[in-house]
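Biologist: Could you give me a close look at how the helices pack in this model? Please start with how far the prediction can be trusted.

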Amino acid sequence: MRRIKVIAVILILLCLVFCAACQSPAGSGNEGQEQAGGESDSSFAVTDMTGNTVEFDRPVEKIVVLTAADCEIIYALGAGDMVVGRGSYCDYPAETADVTELQSGSETNIEQIVSLQPDVVFMSTMDQSVDQVEALRQAGMKVVVSEAQNIDGVYQAIRMVGQVLQKDAEAEDLIKNMQDTFAQVSQQVSEEEEHTVYFEVSPLEYGLWTAGSNTFMDEIASMLGLKNIFADVEGWGEVSEEQVIERNPDYIISITMYMEGETPPEEEIMSRPGWQQVAAVQNQQVWTMDSNMISRPGPRLAEAAQALYANVYGDQ
Amino acid sequence: MLKEAKGEGFSFPIYVLFSIALLGVLWICIAVGSVFISPADILKAVWSSLRGLPVPDGFAQSIIVSIRIPRVLAVALSGAALSICGAAMQGLLRNPLADGSTLGVSSGASLGAVLAIAFGVRLPGFAGGGVMLMAMTFAFLSMLVILGLAYRLDCSLSTNTIILIGIIFSMFVNSIVNVVVTFAGEKVKTIMFWTMGSLSGSNYQDVLVLCCALLVGGAILLHYTRELNAFAIGEDNARHVGVNVRQVKLVIMIAVSILIGVCVSIGGTIAFVGLVVPHMARMLVGPNHRRLLPASLFGGAIFLLLADLLARTLLNPLELSIGVVTSFVGAIAFVYIFNLSRKGKS
């Protein structure tokens, strides 16, 4: 009997630990560095953003990509037809729907990836664990890891993918395009007065989550001369509703997903009791934006900056 | 039969004492929060909204009247409801570890809630009514399943059997929840909050619903305190002193399902409140259910209010999930109680 009791206690404690672990958001990775690899005849080497050098003895023809942002980069570089398998969250552009879907994240299925015999596998340490990267390398896969924490990191990721696909010129063009868009948008911003913005990641019903400093949303906001009201929060965090009201943002951007037939997030936000005093609600400056566009470290961040600009400052 | 000794229940002064303590904690929880608002402003805000006047200084009123007060009330009512459920189940099953979360009833209720959301079950004219109804139904069904299994495997209904079955049932139900969430796609991805609980964003409608549920369920449970006393000695004992065992058990289980169903559909599963508070109350007022149930009612409200206060203010401006606080305190208390009850037996 005593043993059963002990087992019961252990089981319950385990349950607790799992509950707690599920709750905590994903941790942040390290900064990535990347250098150009040398090239001789058809063999070449690329150093990925975790500092690991991957050698290729022939040009890449078959790609497996597990990370949505890398997938967008590959398509933007015009190599979409080489993708033979994609992670389940890779949903942009629309053509990805025709590519074999692979399990990704914590359910990454290594056998499934190996069976496709790709020349290279793109993954990211944000979505996948280091152990999974290692396991794939053990299985003989050439794994290239991206790890963009900010917009400069996105440029590095684009350059890296460009090197692997030997599309360096296209990569530089894409980066140039993004830089131009950002420059154009931030030039138009008047610096007369500073406005504040609040990003809402999850709705009130589930506890308010916001994007604080060191997020793409924060970076784009500051590019547009907007001050994030939760700049004192590092990364993403659950914040107090009272604080949102007290900090009184001029603009509210929701990236909450909603289904057809539900109340759109902006309407829900404007109808919240107690929020009537908030400047953004009073002036109806509340919008919904595509969460994938503004939170994925991919080329569409430039479009996100344009969309945010259009919302805040009127037409482009 | 079942005649009550004089003075067995709470006397008027003790009710007053508990009420004063509860009101004191309520006041602290309304006065202290993520944003500092002076007591004078709070009183002004409450007073003028009671009279329907707008306040020139708008923020204090918005925060106090629209956000903090409904949340604090919802927390107090949930705490009271969960605790009285825990006390009733511990008595009914003669099991010191019984509680909505250890028995798997809360998990069952959250499965009901998730199914209602995934398949769009709605009650016309009452937002969130479908979720609530499904949560109650599933709470009741899970209780039937758990107790049915427990009787089948072990007629004496020993502590360990019920708890083990409860845990196994919770895991089983959680796996179904995960399957539903996977298939329902983005719609239910955020629903994982049911597993940890959050009372942020409660509004006056939630408060009203909780209040009604507590009035009905609490009244039923308080009505059966003598029968619970008889159950606490043993089911045979209850039968011998003239309790209609089957009927009383069913009614108590329905009352508990209503309370847990409503609490889960509004705040998700908040673990351990119903487990720990009745034990604390027992240490204060003894095992007699005539005193234990009211004491749990007040104690639960106070306990959850304080837990929520910590969750709201500890990491300001960030918020902790209230379940994190109650699980932290609860897990330690759980082991302590387990140890005590084992020593008591051997």
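Modeller: Sure, confidence comes up straight away, so here is the term: pLDDT is the predictor's confidence in each residue, on a scale from 0 to 100. What you have there is a predicted model, so take everything below in that spirit. The stretch to be wary of in chain A is residues 19–39, where pLDDT stays under 50. The model still gives those residues 36 contacts beyond four places in sequence. Chain A as a whole has a mean pLDDT of 84, with 85% of its residues at 70 or more.

Chain B has a mean of 84 too, and 90% of its residues reach 70 or more. Within chain B, confidence is lowest in helix α8 (residues 186–189), at a mean of 53, and highest in helix α9 (residues 204–223), at 93. The start of chain B deserves a caution as well: over residues 1–5 the pLDDT is below 50, and the model has 8 contacts for that stretch beyond near neighbours in sequence. For the complex, the predictor reports an ipTM of 0.71 and a pTM of 0.78.

Now the packing you asked about. Two packed helices are described by the angle between their axes and the distance between the axes. Let's put helix α5 of chain B, residues 105–118, in the middle of the view. One partner is helix α12 of chain B (residues 245–267): the two pack at an angle of about 60 degrees, and their axes are 9 Å apart. Since angles of 65 to 115 degrees count as roughly perpendicular, that angle makes α5(B) oblique to α12(B). The crossing of this pair is right-handed. On the α5(B) side the contact uses B:V105, B:S106, B:A109, B:S110 and B:A113; across from them, α12(B) brings B:I260, B:G261, B:V264 and B:S265. Sort those by class and you get 5 nonpolar, 4 polar and no charged residues.

Turn to another partner of α5(B), helix α6 of chain B (residues 129–153). Here the angle is about 145 degrees and the axes are 7 Å apart. This crossing is right-handed as well. The α5(B) residues involved are B:V105, B:G108, B:A109, B:L111, B:G112, B:A113, B:L115, B:A116 and B:I117. From α6(B) come B:G130, B:V131, B:M134, B:A135, B:T137, B:F138, B:A139, B:L141, B:S142 and B:M143. That contact divides into 14 nonpolar, 5 polar and no charged residues. If you want spots to click on, B:V105, B:A109 and B:A113 appear in the contact with α12(B) and again in the one with α6(B).

Over in chain A there's a helix pair to set beside these. Helix α7 (residues 216–223) packs on helix α12 (residues 301–313) at an angle of about 50 degrees, with the axes 10 Å apart. These two are therefore oblique to each other, and α7(A) passes α12(A) in a right-handed crossing. The contact pairs A:F216, A:I220 and A:M223 of α7(A) with A:L301, A:A304, A:A305 and A:L308 of α12(A). By class, it holds 7 nonpolar residues, no polar ones and no charged ones.

Stepping back in chain A, the domain assignment gives domain 1 as 39–184 and domain 2 as 189–313. Their C-alpha centres lie 30 Å apart, and the contact takes 19 residues from domain 1 and 13 from domain 2. On the domain 1 side, the elements giving two or more residues are α2 (68–76), α5 (151–164) and α6 (168–188) of chain A. That side has 13 nonpolar, 5 polar and 1 charged residues.

A few backbone details in the loops are worth a look while you're zoomed in. A:Q166 sits in the loop between α5 and α6 of chain A, and it has a positive phi of about 55 degrees although it is not a glycine. The peptide bond from A:Y92 to A:P93 is cis, with omega near -5 degrees; A:P93 is in the loop between β5 (83–87) and β6 (101–102) of chain A. In chain B, the bond from B:N316 to B:P317 is cis, with omega near 5 degrees, and B:P317 lies in the loop between α14 (289–313) and α15 (322–345).

Technical notes. Residues numbered from 1 in each chain as written. Chains lettered and ligands numbered in written order. Predicted model: local features only at pLDDT ≥ 70, side-chain atom pairs only at ≥ 80, totals over all residues. Contact = placed C-beta atoms within 7 Å. Axes fitted to C-alpha atoms, helices over the stretch in contact; angles between N-to-C directions. Helix = DSSP H or I, 4+ residues; strand = E, 2+ residues; numbered from the N terminus. Parallel < 35°, antiparallel > 145°, perpendicular 65-115°, else oblique. Left-handed = near helix turned anticlockwise from the far one by under 90°. Nonpolar A, V, L, I, M, F, W, Y, C, P; charged D, E, K, R; others polar. Domains from an automatic or database assignment.
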